[in-house]
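Colleague: I should like to examine the reasoning behind several descriptions of this model. May I put some questions to you?

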Amino acid sequence: MSDISDVSLSGHISVLYQEFLEYFPISTEKQNVIVDATLGMGWHARGILSQMKKGDIFIGFDADIRNLSRVQPVLENEFSQKGIQLHFIRDNFVHMKSRLEEKGIHAITGIYYDLWLSSLHVDEGERGFSFRYDAPLDMRFDTSLPLRASDVVNTYSQKQLQDIFQKYGEDPQSAKISHIIVEKRHSGKILTTKQLSEIIETVSPFPKTKMRIFQALRIEVNSELHNLETSLLHAIDMLQSEGHIFVISFHSLEDRIVKHILREEKKKQQKDIFGNTPQKQLQLLTKKPLIPTTEEIQKNPRSKSAKARCAKKI
Ligand SMILES: C[S@@+](CC[C@H](N)C(=O)[O-])C[C@H]1O[C@@H](n2cnc3c(N)ncnc32)[C@H](O)[C@@H]1O
């Protein structure tokens with residue numbers, strides 16, 4: 001097996017890899033049923049698969065057909081001889097529960113998420129995720145879905161645009177940028193990352209502003225926050241006792257959702273008529289989020305904003 005900490009498959013370097021292996025146990029005795037919700041280039045998966053044994057089940061999800069079709073044959077080639085049952089599903093993790101049930105899988109012993117996009121998405125400019133390349137304004141992880149970033153930019157009202165820029169980009173210039181977008185689109189559709197970048201530059205020259213607006217559009221196009229919340233709740237439902245859930249996120253909006261769900265904040269607010277709160281389902285194993293070391297950030301600057309949280313089903 002390759003040295004995972006130094007190797008990047010097609011440009012993607014795994015984040016918080018050692019911490020993940022430390023917090024995410026694989027049983028040497030009982031059957032493991034493990035879900036990788038965001039397979040990507042499969043580096044985290046390799047670390048897990050190399051510990052799994054005959055009779056275990058591994059299911060890898062990725063919404064992106066291109067990532068999945070690159071990684072699936074590599075992992076099948078490396079691990080199917082071990083007698084591990086491997087399943088690869090091209091779908092959004094929001095559909096995880098029903099897709100697993102279709103396969104007769106009703107309970108899992110572990111699940112992990114490595115959110116955000118793979119470096120591949122950013123480096124292959126034509127997907128429209130990055131303002132560093134001129135490309136169609138697309139931003140879909142799952143290219144079979146209808147909503148593209150250009151649809152959002154060209155059809156949402158000024159108020160809707162301002163709301164998503166504020167909520168998902170937390171950008172202080174949201175009102176100005178949404179006004180200018182609506183004004184500019186009177187003279188023709190905004191269809192490329194370059195057109196959008198130039199419009200944003202008329203309000204702010206700082207790359208940070210572009211980054212926030214692009215992030216907001218990506219979150220909207222892929223319903224990222226809603227899907228994350230739904231999927232985490234389904235995952236916790238499906239986890240067997242002692243099963244682990246490990247989540248790596250890359251921005252505060254995601255981490256807020258992960259923290260809220262793994263700490264079971266909602267339950268703390270619910271009381272029955274006797275004033276009792278519902279029983280906890282999870283034991284939080286990371287009181288504070290795990291973050292990359294200075295060494296990891298030096299090797300892989302993209303890891304800088306990563307935070308990981310882990311919990312165990314009681
Ligand atoms: C950061 S990468 C994962 C990297 C992976 N852990 C590795 O070691 O190579 C995230 C992957 O998740 C996929 N993805 C993002 N959101 C998703 C979702 N809601 N459902 C399924 N896959 C998703 C992306 O297409 C991307 O391939």
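Colleague: What is the sign of phi at Glu264, the residue that follows helix 12?

Modeller: In this predicted model, the phi of Glu264 is positive, near 55 degrees.

Colleague: Which residues of helix 12 are called buried, and why?

Modeller: Within helix 12 (residues 252-262), they are Leu253, Glu254, Asp255, Ile257, Val258, Ile261 and Leu262. They are called buried because the term applies to a relative accessible area under 20%. Their cover includes helix 7 (158-169), helix 10 (207-221) and helix 11 (224-238), together with strand 5 (239-249), strand 6 (282-284) and strand 7 (307-313).

Colleague: Why is the pair formed by Ser14 and the ligand called a polar contact?

Modeller: A side-chain N or O atom of Ser14 lies 3.2 Å from an oxygen atom of the ligand. The limit for such a pair is 3.5 Å, so the term applies. Ligand nitrogen atoms are also paired with the backbone: the distance is 3.0 Å to an N or O atom of Ala63 and 2.9 Å to a polar atom of Phe93. The protein buries 97% of the 610 Å² that the ligand exposes when taken alone.

Colleague: What makes up the shell around the ligand?

Modeller: The shell has 10 nonpolar, 10 polar and 4 charged residues. Among the 24 residues surrounding the ligand, the closest are His44, Asp62, Asn67, Phe93 and Asp114.

Colleague: Where is the pLDDT below 50?

Modeller: The protein averages a pLDDT of 91, and 92% of the residues score at least 70. Over residues 1-10, however, the pLDDT is below 50, although this stretch has 20 contacts in the model beyond near neighbours in sequence. Predicted coordinates should not be read in detail where pLDDT is low.

Note on methods
Residues are numbered from 1 along each chain as its sequence is written. This is a predicted model: local features need pLDDT of at least 70, side-chain atom pairs count only at pLDDT 80 or more; totals for chains, interfaces and linings use all residues. Side-chain values use heavy atoms; hydrogens and water are left out. A residue is near a molecule or strand if one of its heavy atoms lies within 4 Å of it. A polar contact is a pair of N or O atoms within 3.5 Å; within protein, one must be able to donate a hydrogen and the other to accept it, and residues adjacent in sequence count only if both atoms are side-chain atoms. Accessible areas come from the Shrake-Rupley method with a 1.4 Å probe; for residues, only the protein chains shown count as cover. Ala, Val, Leu, Ile, Met, Phe, Trp, Tyr, Cys and Pro count as nonpolar, Asp, Glu, Lys and Arg as charged, and the others, Gly among them, as polar. Buried means under 20% relative accessible area, exposed over 50%, partly exposed in between (1.4 Å probe, protein chains only). Helices (H or I, at least four residues) and strands (E, at least two) are DSSP runs, numbered from the N terminus. Contact means heavy atoms within 4.5 Å. pLDDT is the predictor's confidence in each residue, from 0 to 100.
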